[in-house]
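Q: I'm new to this one and would like a close look at a single part of it. Could you take me through it step by step?

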Amino acid sequence: MTTTTEKTANVPEQSGEKNAPLLEVRDLHVEFHTRDGVAKAVNGVNYSVSAGETLAVLGESGSGKSVTAQAIMGILDMPPGRIPKGEILFRGQDMLKMSADERRKIRGAKIAMIFQDALSSLNPVLSVGYQLGEMFRVHQGMSKKDAKAKAIELMDRVRIPAAKERVNDYPHQFSGGMRQRIMIAMALALEPDLIIADEPTTALDVTVQAQVMDLLAELQREFNMGLILITHDLGVVADVADKIAVMYAGRIVETAPVHELYKRPAHPYTRGLLDSIPRLDQKGQELFAIKGLPPNLLNIPAGCAFSPRCPKVQDICRTEVPALHDVAEQDGTAMPGRRSACHFWKETIHG
Amino acid sequence: MAETADVKEPNVSDVKVSDASTTAEVEAVLDAPVERGEPILQVRNLVKHFPLTQGILLKKQVGAVKAVDGVSFDLYQGETLGIVGESGCGKSTVAKLLMTLETATSGEVFYKGQDITKLSGRALKAVRRNIQMVFQDPYTSLNPRMTVGDIIGEPFEIHPEVAPKGDRRKRVQELLDVVGLNPEYINRYPHQFSGGQRQRIGIARGLALNPEIIICDEPVSALDVSVQAQVVNLMERLQDEFNLSYIFIAHDLSIVRHISDRVGVMYLGKMAEIGTDVQIYDHPTHPYTQALLSAVPVPDPEAREGRERIILTGDVPSPANPPSGCRFRTRCWKAQDKCAEEVPLLAVPEVFAGKQTPAAHESACHFAEEKDVVHAA
């Protein structure tokens, strides 16, 4: 797992455009109209993923990380959801302007998604073989028999033992780890270019989590897929990601290559998160805790959304929304891929 | 949603010493609980089998799910015992047995020398006052139709001797203040609070009767990282303030290390290894503990290439039909014929017996061997 951002340049691009990212999200806004008012779940998110690259989107519940993913997949409930602004470019084409038919051709075949809770994402009254085969029947018009053979092949690929005997089993007959493997198999079925994994291992035990993450990383290498990994677990991110986008209250507050972020965070929120996790290899005295609570999306604080909880807050933070600044070294050398939405990023990273 | 502006800064007068220090022996001494004395809770050979039945009218027992199968440990005054393990290993069942919410199939739980599994009626009620519980999910463990005041005050209805009727409201407000919530929130309903605040309400309810032991079943696993640290700090502060003993059940090994003085690792209804946090995390001798620790993702990208990871194959076997001998042998890379025949006892392994090393702690493995998987680069 040493793929870096630079390596993707060697990847043959099908779109003809060199170095173009697979997926680019530009200034995406998502809001939900509720009885209590408009909840602004996503407020101007920008990120991109290239083939073979892993982007980790890190954030707490309510930070808008899953809503962004749902908007990309086109599975957002609309209404009450609405996308007032923004572009989602897949191989240069804006998916938000496509017709429903065009999007359906991309969904599943080009971009696939793995959900958190495998038990509630699988249909309990259909066998897993039928559900896996559905991908081939619907998208490629295969016969039932061929689809089932393909399903067995897929189950073998994600290393489910005795795939042939188990293809007619129902989801409840599988363990949590095996069900998540079936979800992965389903996402892989049509060999997509991009996989979005929304908290794929949160419901699993650590030993099984390690198995599943290993499998996912291996398959990603094999197919040279882009991967968007949505999670709140800083440990999982450190293990697999190439670059990280940290989200807070619907905005990206910091982006960085994985090694940089852990060494020198450039946003007080990221620093707080890193300080508040207990460590396995040492016993600290007391945990650092970010004070207060994540903001209510119906009523996001003026200025920087993190300002009410920030230890370094100044007057400007309460009035002006900080832009996502490029972060540079002390001597002014640019740090590629690093950005921070803090007025005082210089002080945070260098001092 | 209101802010917890009045969360107090905990000032933990620490007995625990951060172990950046020198030799392992020194660490072990420093980290051992200071005064041991008599254990407040002694668990001996606790067994819980849930019967599996067949037939509708004439129910016939065809087997049993061996959720807990012979667990023993001690809990001392003022200490925290962490219990870790994968889902289905029986850790929550142990919690329920200690609360006598489930009846044990066999075995004893001694609270100050009295076996609580045999108690009933008034005597049981008196003991229960001293053992309270904090639940995992703060969204379902609080009744949505009761106000916070009613929820925290309900224990006083059952044990009126703790607070006379006129005093209760004041007492509830004190409790709210203790857990860092505004006492004016007494008339609010649970849905008006965030997850972290709700867990504080659950903790206040657990504290209401001035218990000596609090059993926490995954108290922070439903919370966000930034809020999790607040609740853990609160629990540590309360422990010092009221000299509480905690049994802290969790699947997150990092949190357990942070809060616990001693840690027990469970696998399939049995205790695999038990010792102080230094003994378990830095000097594990049971292969399951080693695998478990090595599987935890470490929030340090520099370590990801160098770290050795033991990835177990397969899933946990069914507790209805556990493997013979050592229960871990089906997933163990060290398994030999002996493991299938003989059940390893939870004791200090012979190789380490009598030696002054942190590896000399109880471990249920025939081939116990020290291996530091957390620090290994």
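Which residue in β2(B) does Gln42(B) stand opposite? Please start there and work outwards through the sheet.

A: Happy to, and keep in mind that we're looking at a predicted model. The residue you're after is Asp74(B): Gln42(B) stands opposite Asp74(B) in β2(B). That pair belongs to a longer run of pairing, since β1(B) and β2(B) are joined in the antiparallel sense over 13 bridges. The two strands also make a hairpin, with five residues between them. Look in the turn for Gly55(B), which has a positive phi of about 90°.

Now for the other neighbour of β1(B). Strand β1, residues 39-54 of chain B, is also joined to strand β4, residues 106-111 of chain B, and here five bridges do the job. These strands run antiparallel as well. You can pick out a couple of facing residues here: Val43(B) stands opposite Val109(B) in β4(B), and Val47(B) stands opposite Ser106(B), again in β4(B).

Step back a little and the whole sheet comes into view. It's an open sheet of four strands in chain B, in the order β2-β1-β4-β5, and the pairing is antiparallel. At the edges stand β2 and β5 (114-115) of chain B; each has a single partner strand, so one side of each is left without a neighbour in the sheet.

There's a helix to find here too. Helix α2 of chain B, residues 91-98, lies across β1, β2 and β4 of chain B. Against β2(B), helix α2 of chain B runs at about 75°.

Let's follow β2(B) a bit further, into the domains. The domain assignment splits chain B into domain 1 (1-11 + 36-53 + 63-260) and domain 2 (285-377). Their C-alpha centres lie 30 Å apart. Where the two meet, nine residues of domain 1 of chain B are in contact with seven residues of domain 2 of chain B. On the domain 1 side of that contact, β2 (60-76) and α8 (253-259) of chain B each supply at least two residues. The most comes from β2(B), with four residues. By type, the domain 1 residues that touch domain 2 of chain B divide into four nonpolar, three polar and two charged.

Chain B also touches chain A, in a contact that takes 47 residues from chain B and 44 residues from chain A. On the chain B side, α7 (225-242), α8, α9 (277-282) and α10 (287-295) each supply at least two residues. Here α7(B) gives the most, with six residues. The chain B residues on this side divide into 22 nonpolar, 12 polar and 13 charged.

One last stop, over in chain A. UniProt, in an unreviewed entry, places the feature "domain: ABC transporter" at residues 23-274 of chain A. That span is 40% helix and 28% strand, and its end C-alpha atoms lie 28 Å apart. As for the predictor's confidence, chain A has a mean pLDDT of 85, with 94% of its residues reaching 70 or more. Residues 1-18 of chain A are a stretch to watch: pLDDT stays under 50 there.

Technical notes
Residues numbered from 1 in each chain as written. Chains lettered and ligands numbered in written order. Predicted model: local features only at pLDDT ≥ 70, side-chain atom pairs only at ≥ 80, totals over all residues. Domains from an automatic or database assignment. Nonpolar A, V, L, I, M, F, W, Y, C, P; charged D, E, K, R; others polar. Pairing = 2+ DSSP bridges. Axes fitted to C-alpha atoms, helices over the stretch in contact; angles between N-to-C directions. UniProt positions renumbered as here; feature names shortened; annotations may be inferred. pLDDT = per-residue confidence, 0-100.
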